Each structure stands twice: as C-alpha cells, then as structure tokens.
Protein chains: 2
Amino acid sequence: MKRTVYLDDLPWEAALEKYLSYLNDLGALNPGRPELVPAEEALGRVAAAPVYARISSPHYHASAMDGLAVRSYDTYGAFEISPKKLRVGREAFPVDTGDPLPEGCDAVIMIEDVHYVQPDLIEIIHAAPPWQHVRFVGEDIVATEMIIPANHLVRPVDIGALLAGGVDSLYVHPRPRVALMPTGTELVQPGTDLKPGDIIEYNSRMLGAMVESWGGKALRKEITADDFASLKATLASSVDEADIVLINAGSSSGSEDFTADAIRALGSVLVHGVATKPGKPVILGEIKGKPVIGVPGYPVSAYMGLDLFVKPVIFRKMGTVPPPLDTAEATVSRKMVSSVGVEEFVRVKLGQVGDKVVATPIARGAGVLMSLVRADGVIRIPRLSEGYNAGDTATVELFRTPREIRETTVIIGSHDNSLDVLANFLRLKYPEATLSSAHVGSLGGLTALRRGEAHCAGTHLLDEETGEYNINYVKRILPDRKVALVNLVYREQGLILARGNPKGIHELADLRRDDVSFVNRQRGAGTRILLDYLLGEKDIAADLIRGYDHEEYTHMAVAVAVKAGAADAGLGIRAAAIALDLDFVSIVEERYDLCIPLKYMDTPYIQRLLAVMALPEFQAEVKKLGGYDLRDCGKVMWRS
Amino acid sequence: MKRTVYLDDLPWEAALEKYLSYLNDLGALNPGRPELVPAEEALGRVAAAPVYARISSPHYHASAMDGLAVRSYDTYGAFEISPKKLRVGREAFPVDTGDPLPEGCDAVIMIEDVHYVQPDLIEIIHAAPPWQHVRFVGEDIVATEMIIPANHLVRPVDIGALLAGGVDSLYVHPRPRVALMPTGTELVQPGTDLKPGDIIEYNSRMLGAMVESWGGKALRKEITADDFASLKATLASSVDEADIVLINAGSSSGSEDFTADAIRALGSVLVHGVATKPGKPVILGEIKGKPVIGVPGYPVSAYMGLDLFVKPVIFRKMGTVPPPLDTAEATVSRKMVSSVGVEEFVRVKLGQVGDKVVATPIARGAGVLMSLVRADGVIRIPRLSEGYNAGDTATVELFRTPREIRETTVIIGSHDNSLDVLANFLRLKYPEATLSSAHVGSLGGLTALRRGEAHCAGTHLLDEETGEYNINYVKRILPDRKVALVNLVYREQGLILARGNPKGIHELADLRRDDVSFVNRQRGAGTRILLDYLLGEKDIAADLIRGYDHEEYTHMAVAVAVKAGAADAGLGIRAAAIALDLDFVSIVEERYDLCIPLKYMDTPYIQRLLAVMALPEFQAEVKKLGGYDLRDCGKVMWRS
C-alpha cells in the first residue's frame with residue numbers, strides 16, 4: 001500500500017538558516033584538523049591560521065639598479081660645474097641589480113650617470129642622497145608581519161610572498177570529504193548495455209564534479225539498492241568515512257523513498273521539503289554531528305539542492321563563503337507564470353540585442369538537464385509572485401560572463417540541424433563568440449525580430465498563393481523594418497518513417513489511412529504551413545489524419561516520436577531521418593533563409609555568421625548531414 | 001664594459017597584437033593533439049570537437065510519477081459524475097517514477113487521483129490525455145543532438161549531460177605545457193640558509209601557479225646560472241619538451257641580461273620592451289614555432305608580464321579566451337601621478353564607504369610583491385594621461401569580488417600591530433568580512449575620515465598642551481562630525497635598540513650623542529608628535545639628533561632599520577622590538593583609539609569590529625605581542 005508523507009514547505013532561506021544554525025551549534029561547520037602543505041602546493045587551499053613572515057624581503061640592502069655603490073657622504077658637493085671623482089674599488093663599487101651593498105655603502109649611482117675617466121676612476125655630477133636606488137631590508141616584507149590572515153584563499157601571488165618571507169609550508173583547512181551515495185535498483189553504471197527501465201547513474205558524477213569545483217573531495221560510493229537495510233548500512237559507513245554525506249535520491253515521498261527514514265534511524269531530519277521548484281523534496285539531516293543531505297533524483301532538482309544547501313556547508317567548513325554569481329538585469333521576452341507559494345528557478349538564454357539584454361525562458365522540467373547545459377543564467381521568481389510578463393525587467397544570476405553574453409549572436413525561429421554546425425564553427429573560428437538559438441518556428445522568429453529580441457531569424461515560410469518563400473511573410477510581419485533575407489540552405493522535406501517502412505507509406509495521401517498515425521509540428525512552424533499547403537493542393541482534409549493534433553517543436557522531436565513508435569509518420573527534413581537511422585520519402589525542396597535586420601548587418605553578430613557560412617569546411621559539414629543544398633548559402637535573396 | 005641596449009617602447013596592446021598575429025601565422029596558437037579523457041574526469045577541460053549524444057535520454061518512455069500506467073483511450077469518458085473503472089494488471093499497471101511504460105500504455109495517472117475499489121480494481125474521475133505524466137523518449141536529450149560545441153569548457157552539468165547522452169569519453173584540448181626557466185647565479189632554492197646577495201627563487205613557483213590556475217601545465221626547470229652557454233643549452237631543451245617557454249629573468253639590458261641574445265641565437269625576438277610600468281623589460285620571442293617569453297625579474301613586473309602576454313597565449317592554445325576581470329568604478333582617494341608615454345598599473349585597496357567605492361593606491365615599486373597580495377584591484381593609468389586627481393572616478397579591475405569589497409571595513413590611520421590580529425579574528429568570526437588597513441599616520445587617518453574615505457581611523461595623538469589623547473585633534477580636524485573615540489589598546493612606546501644595546505642608550509637624551517644615529521617616523525604620525533612632545537619637555541633640539549630626517553612609515557619599518565644596523569635607535573612600540581628580537585627602553589604608555597563616525601556605528605562595518613574586540617581570545621592574542629594593556633578595549637572614551 002502507498003504511504004502518504006506530507007513534505008515541509010519552508011522557504012529555502014529559512015530552511016538553510018535553520019539547518020546552518022543547528023549544525024553550527026553542534027560544531028558541524030567547523031573545519032577539520034589543519035593539514036601542513038608546502039607553500040608551492042597551496043594554490044586554491046585556505047589558510048587555517050594567519051601566516052607571518054619568518055625573514056624580511058629583501059633580507060639585505062640590495063642594489064635596485066646596475067651601477068656603482070657609494071657612501072652618500074662621499075658624493076656631496078658633486079655638481080655639473082664641479083664633478084666629483086671617486087676611486088673604483090675604494091669609494092665606488094660596481095654592483096648589478098640585486099647585489100648586496102658593500103659594507104659602508106648606503107646609495108647606488110646608476111651606470112648611466114657615471115663617467116669613467118679611467119678604468120679605476122669615475123666622475124659624477126650629482127650627489128647621491130642616502131638610500132638612493134637601494135632596496136632596503138624589508139622593503140617588500142618585514143620579518144614577523146602577517147602575509148595572509150586565517151581563512152584566506154591562497155592565490156599565486158600569495159605563494160610568491162610566502163616563499164619570499166621564508167615560509168616554506170603552511171597549515172590549511174582540509175578539503176571537506178563528501179560521500180555521494182547513489183541509490184536506486186534501476187541505476188546502472190555508464191557504459192552498460194541499456195534495457196528499458198535502466199537509468200544511467202550520472203548524477204553522482206555531476207554532483208561530485210560540483211563538490212570538487214567548490215574545493216571539496218568527492219567520495220563516490222557504489223550504487224545502493226532500494227531496500228531499507230542496505231541503505232542504512234551504506235549510510236552508516238559513509239558517515240564514518242566522510243565529513244558530509246549526500247544521498248541521491250529516494251528523498252521524495254513515494255513507496256521506495258527510504259532516505260528520510262534511514263537518516264532518522266541513525267540521526268535526525270531537520271527539514272524534509274522546501275518551497276522551491278525544482279528541488280522541493282530535499283532532506284536536511286544530521287548523523288553523529290555530520291551533515292547528511294537527501295538530494296532529489298531529477299538532475300535539475302539535484303543540482304539545485306546542492307547549490308542551495310550543500311555549497312554553503314562546504315564553504316563554511318573551509319572557513320569561507322561561496323563566491324556570489326554575477327548578475328544582470330534583463331528584459332523578459334515572454335510571460336513566465338509561476339505558482340504563488342513556491343520560489344521558482346527559471347533557466348534562461350540571454351542575448352544583448354540592441355541596447356537591452358533579453359532573457360528567454362527554456363524548458364522548465366526538473367528532468368531536463370539540457371536546460372541547465374544550455375542556460376546562460378537563472379531568474380528566480382519569488383514565492384509571493386505569480387511571475388513575469390513579457391517586457392518586465394528581472395535579475396538574472398549568470399552562468400556565463402557578461403562578456404560572453406555580449407558576444408552572443410541570438411537567432412530565434414525555425415529549427416534546422418545546420419544551426420548546430422554553424423554554432424560549432426562559429427566557436428572554432430571566434431573563440432569568444434557564441435550562437436544562441438531558440439526554436440519557436442518561423443513565424444515565432446519573425447515576431448521575435450519585431451519585438452527586438454533577436455539579431456536574426458531562421459525562416460522557411462511558403463506563401464500558399466505565390467509559391468515563393470519568406471518574402472510576403474516578412475512584408476506582412478515586419479512592414480516598417482529594413483531587413484535582408486540571406487539564404488542559409490535548401491533542404492529536402494519529406495515523410496519520416498520507421499526503418500524499413502513497415503506500413504508502406506509512400507505519399508501524403510497515405511496519411512488518411514486508418515492504420516497510420518501522424519506526428520505534426522506546432523502551429524506557426526514553417527513545416528506545419530508547408531504541410532497544410534501540400535494537403536490543400538491534394539485536397540486532403542486535415543481532420544482525416546490521425547495525430548494531426550499531436551504537436552512537436554523540432555524536426556528531431558518528430559523523428560524521435562517515429563523512432564519510438566509513437567507515430568508512423570511525420571513531415572520533416574531528411575537530416576533528421578538520417579540522424580536517427582529512419583526511412584525518408586522526399587516530397588519537396590524548400591528554402592531556409594536568415595532574416596536579418598539591416599541595422600545588425602554590419603555588427604560582429606552577423607558579420608561573423610556570414611564569414612563562417614562562407615567557409616568551405618562549414619558547407620562540407622552541413623552537406624554530410626544529408627538532404628542539403630548550399631548553392632545560395634550566404635547570398636542575399638531579397639532586401640526590403 | 002657595459003652594453004647599452006635600447007628597449008622598444010610599444011603600447012602593450014600593439015605588442016600583443018603583433019605577437020599573436022605572428023604566432024597565429026606560424027600555427028603556434030593552435031591547440032595540440034586532442035586527448036581522449038573519461039567524461040567524469042573532464043571537469044575544467046575544453047572540448048576539442050563538438051560532442052553529440054549517442055543515445056536519447058530518457059531512452060524509453062518513462063513514468064514521471066508514482067501511479068498507474070494506462071492506455072489514454074481506455075480512460076475517455078471518465079467524469080466525476082460517471083467514474084470509469086479499470087482492472088489492475090490488465091488495463092492499469094502500477095508504476096513508480098522512472099519505470100518504463102508497459103507495452104501499449106501511453107499515459108500515467110497519479111496515485112493521488114486513483115481510488116482503489118478493490119485490490120485489483122480502480123476508479124478514476126478524469127480522462128488521461130495521451131502522454132500525461134510520461135517522460136517521452138528524448139525529452140531531455142535526443143540521440144545525435146549536439147550536447148556541447150567544440151572549445152566548450154566542461155562544467156559539472158556538462159558531465160551529467162554527456163553521460164546521460166551515452167558519451168563516456170570525449171576529446172579535449174591538451175593543457176599547454178609551459179616550461180619555467182629561473183635564471184640567475186644569485187638564486188637559491190626556498191629553505192636554503194641565506195647569505196647576503198642570495199635571492200630565494202620564488203618567482204617560478206608564483207608564475208607556475210598562475211599557469212596552472214589558467215589551465216596550463218607548469219614544468220619548472222632547475223636554476224640556470226648567468227652564462228650564455230648554459231642559458232642557451234637549457235633553453236634549447238626546454239623548447240623541445242614544452243609548448244611555451246618562459247625565461248625569468250635577464251630580460252632587461254644589463255651586463256648579465258643574456259635572455260634576448262639567447263632567444264635570438266635559437267629563433268627570433270619580436271618585441272623587446274613595452275610601454276608599461278611595471279613590466280617594461282619583457283621579451284616576446286619564438287623558437288621552432290613555439291612562443292618563448294622573457295619575463296622581467298621583479299615579481300610585480302613578472303606577474304604583469306604573464307598576465308598581459310602569457311595568459312592570452314595559453315587560453316588561445318586551449319581554444320578559448322581569458323575570462324575578463326570584474327570591474328568597478330571607484331573614487332580615487334589621493335593624487336596618482338604617472339609619466340606620459342607609459343601605461344601604469346597602480347595597485348589599490350578598495351572599500352565601500354558611504355555611497356562610494358574609494359580606491360587608495362598602495363606601494364608602486366616593481367619589487368613590492370606585497371602590493372599585489374594586499375591589492376583589491378588595479379587602476380590602469382593610460383599612456384597619454386598624467387594620472388588622476390583626488391576625487392576623480394577611475395575604473396578598477398577587481399582581484400576580489402564586489403561582495404568582498406562591500407563587506408570590507410576600511411580603517412585608515414596610525415599603524416599598530418594589533419590591527420593584524422583584529423583583521424585575523426574578524427575573518428575567523430565572519431568569514432565574509434575583511435579588514436583593510438592603510439597606514440598613513442594618525443593625522444592622515446583623521447583627514448581620510450573627513451574626506452569620507454574610511455569607516456574609522458586608528459589614532460594616538462597627544463595634545464602637547466593638555467597631555468590628553470585624540471580629543472582636541474578630532475575637534476579640530478572633524479569639527480562638524482559626530483564621532484566617537486573607542487579605545488583599542490594602551491601600549492608602551494619607547495626606544496627600539498639593537499640586541500644587547502651595544503651603544504648603551506638609556507634615555508632620549510642619549511639621542512644627542514655623536515655616535516648614535518636615529519630613525520624617525522613620518523610627519524603626521526602620532527609617534528612623531530609624541531617624540532616632538534617629549535623632546536620639547538626635555539628641551540632637546542631636533543637638529544642635534546642624527547637621522548631625525550630619516551623617516552619610515554610603520555613601527556616595524558623602524559625596527560627593521562635598527563635590526564639592519566641602518567640606525568641605532570628609533571621610537572616605537574614594544575611589540576615591534578619584541579617581534580624582531582631587539583632591545584627596548586620603555587618611555588611612556590599611550591592610548592590608541594579608533595575614531596568612529598556615529599553614522600557608521602550601527603553598520604556591520606563597525607559592529608563586527610566591536611564584537612571581535614570583545615572576544616577574550618582576541619585580547620589574549622594581542623597581549624601576547626607584548627607591551628599592550630587592554631583594560632579599556634571597546635570602551636567609548638569620548639563622543640562629540
């Protein structure tokens with residue numbers, strides 16, 4: 001029988017404060033016993049105690065110039081009109097930079113200011129004040145002075161100063177050891193032959209890398225099956241060998257979610273459930289004075305759980321605080337609705353278009369790890385807000401530097417596989433540049449251009465009356481704008497079918513068959529418009545097609561639906577069929593253009609793209625995808 | 001005989017552009033042969049090629065909820081008023097989150113929405129649309145899609161996505177191998193017993209840590225003596241084993257500066273000398289198609305040379321560009337003069353005081369490594385500028401995060417060793433907080449308060465008329481301000497003398513002796529005022545004291561001068577004498593207060609200091625320095 005566990009619903013700040021203060025009272029946030037490390041291996045470690053110089057630097061009076069060391073007293077009275085002569089070896093001593101001053105000397109005259117009268121006699125025309133061109137003992141570091149305080153993160157310059165101050169080793173805080181316990185009978189190691197129901201155990205690798213990037217030491221444990229006894233046994237041994245234990249997952253309230261019970265059996269649970277999305281079913285617990293955290297199973301939730309609750313604990317145990325993320329103010333490009341009572345973390349793409357930074361939300365599912373991979377940052381929708389409207393300004397926590405965002409070309413519109421190739425060659429040719437593409441269909445792209453949210457739009461819109469591509473749509477949607485249509489590719493559209501075409505589908509008319517199910521593209525997609533045009537031509541009624549309402553957002557998603565058996569056929573590009581090893585019946589060649597506002601034409605955003613499109617290696621790589629013709633790639637097809 | 005080599009004087013941007021373009025034409029900036037690494041070890045590496053998913057994630061239709069899997073078709077017609085019954089095991093199948101959908105099922109009903117009529121019969125009151133609560137194949141990652149492009153820096157989320165997409169290993173750019181050649185007959189390894197003229201070879205450790213922090217691999221070579229043949233031999237072998245070679249130093253134009261000649265003998269020198277300060281005598285060369293760079297010997301110059309010229313080369317060889325430093329606009333607290341024709345990099349301390357960020361320059365010598373250790377950032381004074389006036393706004397490149405700057409308490413004024421202890425305990429108690437202290441003497445500190453450059457000032461100013469400390473000075477210098485004087489310590493001032501007091505100095509009157517030399521503090525320092533007061537009391541004329549004009553800026557510098565034999569006596573605190581194991585003759589106890597504007601009293605800047613001053617462990621540590629009395633520590637002595 002299923003159990004019902006009611007999770008807490010604390011704001012995460014309150015949960016964190018409660019947790020840290022509980023751990024603090026236990027002493028669980030104190031760093032461990034300091035480690036003595038050689039100064040030259042201390043990069044990135046945190047000093048456990050202040051470090052004081054053992055010697056001064058310089059430790060002797062040193063010449064700061066190549067020249068002659070003198071007693072300043074001997075030089076008094078030297079003027080241009082009455083030069084003074086000094087005997088080399090008795091009153092003046094050749095020194096190079098860094099040499100110690102000979103006994104009794106207290107100044108150096110630069111070689112450029114010396115006139116050799118004879119090899120052993122010089123003439124000078126300026127007196128040398130005491131300590132001229134001398135690096136005094138302790139000029140840089142005075143013996144006993146503090147070089148770095150406790151809890152200081154050691155940087156390269158600190159290593160230099162420590163060694164210069166005679167400090168060859170220092171005590172640093174130990175790196176907190178974080179045990180990662182993957183749990184779940186369905187988990188298999190990467191590289192295993194997969195059967196349905198198997199889940200690759202990648203979370204512990206991602207979470208381990210997070211821990212290491214914060215300065216912790218990740219101890220990855222073997223996979224624990226979903227039974228209470230094994231879980232408890234592994235948990236007990238993990239607590240003994242680590243400073244912090246993370247259990248992933250079983251933190252929710254389902255029938256096989258034993259994590260909270262296991263922690264309770266050995267210690268205590270402070271919080272179970274926080275009011276965030278994603279990341280709600282987190283468990284904050286403690287066993288034997290050590291933090292034990294139940295991390296949700298979905299990868300985005302797991303990431304959030306670590307970022308919110310584990311990062312502060314790791315840094316506190318190293319005597320420091322987590323470095324803050326950069327933030328930027330951005331204009332929200334489309335409505336983001338959120339439930340009141342939950343703080344939602346929305347991943348967004350960012351681009352500097354004209355004078356504003358535009359934020360476009362990407363998939364919000366907790367299971368969509370690629371939403372984090374693709375994200376440029378995160379917008380937090382506060383608990384007591386219902387979200388943002390298009391045009392609102394919101395603060396974004398940045399995953400990339402402001403410069404990277406500034407160097408990003410934003411393309412919004414129809415999806416085509418050649419855009420991945422373009423993104424890749426752009427990065428290769430211009431390491432500082434990025435192509436950010438959002439797939440909202442051809443019409444969506446032109447509308448985004450109208451709202452000033454993109455530098456260009458990918459579009460393949462067939463005018464049902466003229467049979468021509470793009471021009472009439474651009475005139476209608478962007479009537480007052482100066483734009484150019486630059487061709488990217490011609491490509492084959494056709495029916496994507498299961499391997500071997502088991503249902504014998506050969507033309508559009510077959511879609512009317514009762515035993516054939518179809519997967520469509522979303523409204524506004526050029527491919528959807530193409531389908532409707534072709535159906536009209538052949539007088540095929542849409543409501544006779546099973547699955548006409550089953551919508552997907554990209555060619556690849558259509559191909560995946562066919563591959564998975566969720567549909568027998570979809571209309572899409574040949575490259576998508578080839579990529580998934582599916583059959584393909586070609587129907588038509590269509591033109592795919594980039595619509596570019598002229599005001600961006602001469603900016604690096606566009607000029608770099610055009611330069612990459614002209615590269616033979618780019619064009620060759622696109623052709624390899626199959627179904628592409630690049631005869632007009634880079635050519636201006638039309639200008640308004 | 002000395003040679004005269006005229007160095008170039010190129011702006012560094014022009015030098016860098018010339019160098020990179022030369023290297024680029026040679027192919028010397030291309031990354032090396034890619035390395036295959038396991039995905040889970042790829043953190044921080046840079047992808048050498050785009051990485052495509054090998055499998056979809058999920059790779060099967062998975063339940064997104066705990067519940068029952070059904071055929072959506074079977075659920076049509078279920079309403080609250082006409083529930084629909086389904087037989088468990090035939091039409092409805094229990095599934096947990098992540099389980100594969102049984103054959104034929106295309107939707108999941110949440111367990112919360114199911115009513116069990118019998119153990120094998122359920123009732124539902126809502127129809128389930130197709131794909132409800134199902135994670136479709138490829139919802140996260142579609143097989144063949146690009147997970148990361150070429151030249152992408154691998155982060156923890158990327159590792160998760162790569163493994164989820166069936167990618168267990170990937171090609172990354174090799175870490176550039178950077179040979180570091182320390183040269184100089186005077187160099188000795190850390191830990192060696194030092195004699196005058198020995199220089200600890202710490203530069204290669206600092207530079208190596210810089211290289212490693214950028215992602216390169218540092219190969220530190222043995223020390224090469226200053227002779228042309230050895231230098232050339234080591235250089236030739238370094239070029240063979242590394243991708244980039246750094247020679248430190250010998251890059252200037254002195255008699256033992258062979259670096260440029262050695263590079264020229266084996267390859268070519270593109271640039272010798274750039275118009276920056278520090279960092280001028282840098283050499284940009286090439287041997288066998290590999291970058292070879294002559295790095296100046298002074299540590300700050302060496303640091304600058306690497307930052308300006310080596311960092312871009314290392315990043316280019318990894319297919320990326322260096323991350324930019326954060327910047328902030330700051331108000332310059334005092335005049336910074338710079339020569340026209342040279343771009344100067346001035347290290348500054350920063351603090352948020354009131355509503356502005358204040359930048360205070362610190363020592364500018366190329367040999368003062370502590371100026372980099374202490375710096376919060378750098379202000380660049382452009383080549384064609386003569387500098388900044390006090391009150392000007394300048395852009396600062398930050399070495400610390402804006403939050404760290406915001407959390408810094410700025411104390412400017414008299415120097416006391418207890419301030420180091422205070423800084424240290426502040427950091428221990430508040431890991432996010434920093435104490436930044438600049439030592440400009442007591443009067444300088446009060447003046448800084450008047451200009452709004454500090455949160456408080458350390459002051460010990462004796463009124464020669466009243467014999468009272470601080471109050472009259474505060475009234476005079478800060479007439480309209482509301483401030484409080486809070487005691488930090490009482491401390492012994494006296495004569496700091498060589499160990500064993502060889503000259504038999506016992507009182508101030510001894511300073512008049514012909515065989516006694518003195519070292520003084522700078523004008524405006526409380527100790528200088530104290531000296532003048534004491535001399536007046538005893539009717540001792542200042543011009544009878546040898547060395548009265550020899551000024552140092554801190555107690556420790558005075559002690560160092562005595563320790564080094566540059567002076568026989570100085571007036572200073574007992575703690576400085578104890579630290580350097582010197583003799584001390586006590587003269588007077590003085591009061592050292594913090595002058596705190598009331599408007600800052602309740603801010604964390606001050607409240608944290610007061611909390612730390614109340615800690616018994618802080619007070620105990622100060623007492624250990626010697627010569628301190630903390631009977632009034634934290635007590636308000638006076639309020640305006």
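## A salt bridge between chains

In this predicted model, A:Glu40 and B:Arg205 join their side chains in a salt bridge, with 3.1 Å from N to O. Chain A and chain B have 6 salt bridges between them. Polar contacts also cross the interface of chain A and chain B: 26 residue pairs, both partners at pLDDT 80 or more, satisfy the rule.

## What chain A brings

Several elements of chain A each supply at least two residues of the side that touches chain B. The helices are helix 3 (156-164), helix 4 (203-213), helix 8 (370-374), helix 10 (418-429) and helix 14 (555-563). Strand 11 (146-148) and strand 15 (199-200) are there too. Helix 3 of chain A gives the largest share, 8 residues.

The residues on this side of chain A divide into 55 nonpolar, 24 charged and 20 polar.

## Extent of the interface

On chain A, 99 residues are in contact with 98 residues of chain B. Together the two chains bury about 8100 Å² between them. Carbon and sulfur atoms account for 64% of that area.

## How the copies are related

Two copies of a chain are related by a rotation about an axis and a shift along it. Here, a turn of 180° and a shift of 0.0 Å along the axis lay chain A on chain B, with an RMSD of 0.1 Å. The two copies are therefore related as by a two-fold rotation axis.

Which residue of chain A comes closest to the rotation axis? A:Asp326 does, with its C-alpha at 4.5 Å.

The copies meet through the same surface, because 99% of the interface residues of chain A are also interface residues in chain B.

Key. Residues numbered from 1 in each chain as written. Chains lettered and ligands numbered in written order. Predicted model: local features only at pLDDT ≥ 70, side-chain atom pairs only at ≥ 80, totals over all residues. Heavy atoms only, no water. Contact = heavy atoms within 4.5 Å. Buried area = accessible area lost by both parts, 1.4 Å probe. Salt bridge = Lys/Arg side-chain N within 4 Å of Asp/Glu carboxyl O. Polar contact = N/O pair within 3.5 Å; in protein donor to acceptor, adjacent residues only side chain to side chain. Helix = DSSP H or I, 4+ residues; strand = E, 2+ residues; numbered from the N terminus. Nonpolar A, V, L, I, M, F, W, Y, C, P; charged D, E, K, R; others polar. Least-squares fit on C-alpha atoms with pLDDT ≥ 70 in both.
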